[in-house]
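Visitor: I have just opened this one and don't know my way around yet. Could you walk me through it?

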Amino acid sequence: MRAFLTGPLVRLFPVGLCVLAMQRTFLTELKVMDVVLQIVLALAAGAGAGAGPERGAIAGFTLGLMYDLATGSPLGLTALVYALAGFVAGYVLTFTPTPPWWLASLFVGIGAAVGETAAPAARALIGQDGWFTSQLFTIVPVVTVFALVISPLVVPLGRWCMCVKRPKWKAMHE
Amino acid sequence: MAIYSMGRRRVIAVLVLTSILLVTLDLRGSAVIDRARSVFSLVLEPFDAAARTISRPVINAWRGVTQYDELVRENERLQEQVDSQRGAEIVARAAILEYQELLTLNRLLGSSSYPSATAQVQGASPGNFQYTVEIDKGSVDGIAVGMPVVNGGGLVGKITQVFPNSSVVLLIVDPGFSIGAKVLTEAVPAPVVQAPTSGIPLAPVDPATTDPTAGTTTTVTTTTIAPDPAAPTATVDPVQGPLDPLDDAVTTTSTTAPPLFTTTTVAPVEIIRETGTLSGQGAGKPLVLRFVDDSSSQGRVQVGSTVQTAGGTASIAPAGIPIGEITAVRQQSGTRAQLVEVASSAGDLSKLNFVRVLLYVPNTSGG
């Protein structure tokens with residue numbers, strides 16, 4: 001019980017609800033070049049960049065499930081896509097355990113780009129065609145840039161949600 | 001750090017398999033998942049309301065900054081449009097009343113015969129790969145999955161998700177949307193003009209003034225009576241209205257041949273009805289109509305023809321809801337099938353505010 005209460009789900013669920021509410025209200029109105037900015041995707045990628053590929057995939061999966069439940073898209077579809085985004089963004093920790101902010105931001109952007117590109121592909125797999133259009137060349141860059149811009153916020157938030165602390169290096173006494 | 005550790009592979013496998021399982025269950029229809037959606041919508045409702053309240057001033061300020069000029073231009077354009085349509089509206093209203101009367105006389109159901117619920121649009125689709133809007137009426141108000149949603153212009157979409165106090169509407173422009181539609185085209189014959197005794201030529205009657213809904217045969221008669229040359233000419237115009245294109249022709253006739261009795265008869269008008277399936281292609285793109293029988297539609301549909309819902313036992317909407325107007329008929333390479341593009345009459349779907357849900361449940365037991 002104690003492990004559950006101190007686990008990531010207890011943190012991720014309420015944060016996810018707040019971010020999802022922002023996505024459904026605020027960001028649907030503030031379109032940039034007619035593209036809806038994706039903060040939930042950015043958080044999934046941020047959790048990956050802050051906590052590693054496995055935890056990023058789990059965070060992305062959980063956030064994606066919540067997104068599917070809220071928007072009526074097929075349950076598990078966005079979860080799979082966001083899990084991929086979190087997983088890809090988490091690869092930054094394979095290069096260095098304490099990535100500088102710009103490297104983490106870069107991987108958040110890459111994760112978001114992969115996730116947004118994978119969304120129409122996943123829909124095509126279940127027979128929902130018609131999303132691979134030239135509009136994709138606008139949507140993916142805009143979503144990527146937005147994720148890059150808010151990465152200084154979503155990386156620490158994602159790390160906190162997944163109960164991961166940033167490693168601190170100490171000099172060893174001889 | 002190894003890129004693919006055993007633990008990592010296990011996580012990937014579990015997540016992928018879980019996703020596939022959930023997608024399969026959801027697409028096949030699961031009461032448990034539907035229940036989970038309803039519960040989650042109730043949990044999310046206060047968060048949505050709070051976010052909407054907090055963000056409203058910010059959104060209004062943002063719109064004020066970015067959309068002011070556009071709004072002013074749009075307002076001027078709409079004002080002009082309203083002024084020009086005021087006259088036509090009176091004519092249309094009279095026609096609607098007559099149409100309703102005919103439907104009642106013949107015991108037929110029109111789209112306006114069904115009860116409806118007016119709802120306000122709460123939000124647009126949060127994603128870039130889904131054209132939906134959320135409305136503030138749900139199962140409590142009698143809304144059910146599959147019901148058609150309309151606005152003043154015509155068909156807007158259909159209900160795809162229903163929660164207790166809200167519903168999700170799949171818009172007509174979504175590539176996943178499809179509905180049975182019919183095209184009504186008038187096969188225009190050459191007008192037959194009975195020449196007056198003096199042989200003065202008459203202007204041909206515009207066939208657009210014939211009523212396509214009245215049946216397959218229409219006769220328009222223009223009578224000019226002016227026995228006294230000193231008296232002003234009296235004109236009997238069967239179609240009244242400021243935008244009646246027949247007016248000019250009648251005026252010309254009466255001034256050039258004042259003392260004559262002339263009769264202009266339009267030959268029987270054939271109304272061609274073609275049925276097909278209409279689907280969306282995404283925002284900013286026209287709707288696409290594919291015919292049930294491609295060979296029969298060859299050369300029979302025209303740009304400007306009106307498109308309405310076809311109705312029927314399997315259709316989600318009753319017959320006669322306006323969908324739009326044909327804007328292009330293209331021949332596709334390698335196939336006889338024509339590509340028919342339709343402009344939606346519902347207007348800009350990204351700016352929906354109030355919509356009407358027709359509480360129409362298709363009678364599937366009939367066939």
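**A walk through the model**

Guide: Let us start from a single residue in this predicted model: A:Gly60 is buried, because 35 other C-beta atoms lie within 10 Å, where 20 or more are enough to count as buried.

Visitor: Which helix is A:Gly60 found in?

Guide: A:Gly60 belongs to helix α5 of chain A.

Visitor: And what does A:Gly60 touch, not counting residues up to four places away in sequence?

Guide: With those left out, A:Gly60 touches A:Ala44, A:Ala47, A:Gly48, A:Tyr82, A:Ala83, A:Ala85 and A:Gly86. As for A:Gly48, it stands 12 residues from A:Gly60 in sequence, and the two are 8.0 Å apart in space, C-alpha to C-alpha.

Visitor: You mentioned A:Ala85, so what is A:Ala85 in contact with, leaving aside its neighbours within four places in sequence?

Guide: A:Ala85 is in contact with A:Leu41, A:Ala44, A:Ala45, A:Gly48, A:Gly60, A:Gly111, A:Ala112, A:Val114 and A:Gly115, once those neighbours are set aside.

Visitor: Which residues touch the most other members in the largest nonpolar core?

Guide: That core has 71 residues, and those touching the most other members are A:Leu41, A:Ala42, A:Ala44, A:Ala45, A:Ala85 and A:Val108. Helix α6(A) contributes the largest share of this core, with 11 residues. Another core lies apart from it and has 44 residues, including B:Val149, B:Val150, B:Ile172 and B:Val173.

Visitor: How do α6(A) and α8(A) cross?

Guide: Their axes come within 8 Å and cross at roughly 155 degrees, and since an angle over 145 counts as roughly antiparallel, that is how α6(A) runs relative to α8(A). The crossing in which α6(A) passes α8(A) is right-handed. Among the residues making the contact are A:Leu77, A:Leu80 and A:Ala85 of α6(A), together with A:Phe107, A:Val108 and A:Gly111 of α8(A). By class, the contact of α6(A) with α8(A) has 16 nonpolar, three polar and one charged residues.

Visitor: Let's zoom out. How many helices and strands does chain A have?

Guide: Chain A comes to 10 helices and zero strands. Of the 174 residues in chain A, buried ones make up 58%. If you take the contacts in chain A between residues at least 6 apart in sequence, 71% of them join residues at least 24 apart.

Visitor: Now the other chain. How many residues does each chain bring to the contact?

Guide: The contact takes 43 residues from chain A and 43 residues from chain B. On the side of chain A that touches chain B, α2, α3, α5, α6 and α8 each supply at least two residues, and α5(A) gives the most, with eight residues. The residues of that side divide into 26 nonpolar, 12 polar and five charged.

Visitor: At what angle do α2 of chain A and α2 of chain B pack?

Guide: Helix α2 of chain A, residues 8-24, and helix α2 of chain B, residues 31-66, pack at an angle of about 55 degrees, with their axes 8 Å apart. The two helices, α2(A) and α2(B), are therefore oblique to each other, and α2(A) passes α2(B) in a right-handed crossing.

Visitor: Which residues meet there, in α2(A) and α2(B)?

Guide: From α2(A), A:Leu17, A:Cys18, A:Leu20, A:Ala21, A:Met22 and A:Arg24 meet B:Leu44, B:Phe47, B:Asp48, B:Ala50 and B:Ala51 in α2(B). Sorted by class, the contact of α2(A) with α2(B) has nine nonpolar, no polar and two charged residues.

Note on methods. Residues numbered from 1 in each chain as written. Chains lettered and ligands numbered in written order. Predicted model: local features only at pLDDT ≥ 70, side-chain atom pairs only at ≥ 80, totals over all residues. Axes fitted to C-alpha atoms, helices over the stretch in contact; angles between N-to-C directions. Helix = DSSP H or I, 4+ residues; strand = E, 2+ residues; numbered from the N terminus. Parallel < 35°, antiparallel > 145°, perpendicular 65-115°, else oblique. Left-handed = near helix turned anticlockwise from the far one by under 90°. Contact = placed C-beta atoms within 7 Å. Nonpolar A, V, L, I, M, F, W, Y, C, P; charged D, E, K, R; others polar. Core = buried A, V, L, I, M, F, W, Y, C linked by C-beta atoms within 7 Å. Buried ≥ 20, exposed ≤ 12 C-beta atoms within 10 Å, placed from the backbone.
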